[in-house]
Amino acid sequence: GEVVNAVDSASAEDDHASESAVPRFRWGQTKEKLFLTAIVKDLDKTSVRLSFHPDRLSFEALDSFGKTYALELDLVQDIVASSCKWEHVQRRDQRGDAVLVTLLKLYPYPWDALVLDPPAAYRSNMDRDWAREDQALEQPEEDAFFVDHEKYLPRLTSSTLERALEDVDILVLMIRHVACKQCKVVDETFAAAAKTIADAKKGSWQQRLRLAVVDPRTAGRLLARDLGGFCGAAPTECRHFTVAPAHER
């Protein structure tokens with residue numbers, strides 16, 4: 001099931017306006033964390049509600065006149081919902097009262113954006129927070145691993161998983177993130193094993209086994225989440241995942 005960490009300061013009034021406004025907000029990041037500041041003029045500090053999910057966050061608050069301000073952010077990458085937090089900023093922002101949200105990234109690397117396809121109302125109210133941005137951050141260089149080994153090490157998604165299980169007894173998956181140094185310790189060994197299995201003689205035991213890879217940044221994001229993928233602190237913490245066909249589970 002979905003991991004949820006919801007923090008409620010108080011329940012919102014039932015009679016507030018049904019239409020909500022978008023607050024001003026800005027975001028900055030380090031390699032491991034993302035900081036989002038939502039600003040509401042004349043904020044009712046007791047009304048703030050936030051909930052964190054692996055792929056999104058929700059913010060809702062009232063101003064002193066009962067007007068609702070809300071954000072529903074579909075994040076471009078996953079977060080560790082149980083380790084996210086928020087707090088009131090004691091120093092008042094020039095635009096109003098600020099709430100600081102700290103998100104822990106599931107995979108520690110720079111995001112190139114905050115949300116997926118933000119609506120116009122979000123784009124016009126969103127800024128970068130360069131004061132909280134790690135100016136030394138750089139996007140990792142795209143390597144050729146996936147392309148170099150695609151003939152015998154396919155990239156899987158949730159929609160292609162069942163097809164990959166056809167005619168095999170066991171499917172072994174590696175979740176590989178381009179920015180993860182731990183993945184690079186074992187990825188060439190994993191790719192070599194995949195090639196050996198792919199080249200094995202028909203009818204051999206190796207033909208009952210298949211190796212594949214999951215890219216958690218892109219189309220494989222949901223599958224990586226369902227498998228429980230994470231970025232280990234050391235190679236010994238990294239995991240390969242085995243999946244059997246439905247009739248054998």
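Visitor: Which residue stands opposite V214 in β11?

Guide: In this predicted model, I175 stands opposite V214 of strand β11.

Visitor: What makes β10 and β11 paired strands?

Guide: Two strands pair if there are at least two bridges between them. Strand β10 (residues 170-175) and β11 are joined over six bridges, in the parallel sense, so the criterion of at least two is met.

Visitor: Why are β11 and β12 said to stand at the edges?

Guide: The open sheet of three strands has the order β11-β10-β12, with mixed pairing. β11 (209-214) and β12 (240-243) each have a single partner strand, so one side of each lacks a neighbour in the sheet. From one strand to the next, the twist averages 25°.

Visitor: Why is D97 called buried?

Guide: Buried means under 20% relative accessible area. D97 has a value of 14%, and it is therefore buried. This residue is found in strand β8 (residues 97-104).

Visitor: What makes the approach of D97 to L43 a polar contact?

Guide: A polar atom of the D97 side chain lies 3.0 Å from the backbone nitrogen of L43, and the cut-off is within 3.5 Å. L43 is also one of the residues in contact with D97, among them A38, K45 and R92.

Visitor: How do you know that β2 and β3 pair?

Guide: Six bridges join β2 (residues 24-29) to β3 (residues 33-40), and these strands run antiparallel; the requirement of at least two bridges is therefore met. The bridge partner of F25 in β3 is A38. Both strands belong to the five-strand open sheet ordered β7-β8-β3-β2-β9.

Key
Residues are numbered from 1 along each chain as its sequence is written. This is a predicted model: local features need pLDDT of at least 70, side-chain atom pairs count only at pLDDT 80 or more; totals for chains, interfaces and linings use all residues. Side-chain values use heavy atoms; hydrogens and water are left out. Helices (H or I, at least four residues) and strands (E, at least two) are DSSP runs, numbered from the N terminus. Buried means under 20% relative accessible area, exposed over 50%, partly exposed in between (1.4 Å probe, protein chains only). A polar contact is a pair of N or O atoms within 3.5 Å; within protein, one must be able to donate a hydrogen and the other to accept it, and residues adjacent in sequence count only if both atoms are side-chain atoms. Contact means heavy atoms within 4.5 Å. Axes are lines fitted to C-alpha atoms, for helices over the stretch in contact, and angles run from 0 to 180 degrees between N-to-C directions. Lists of a residue's contacts leave out its neighbours within four places in sequence.
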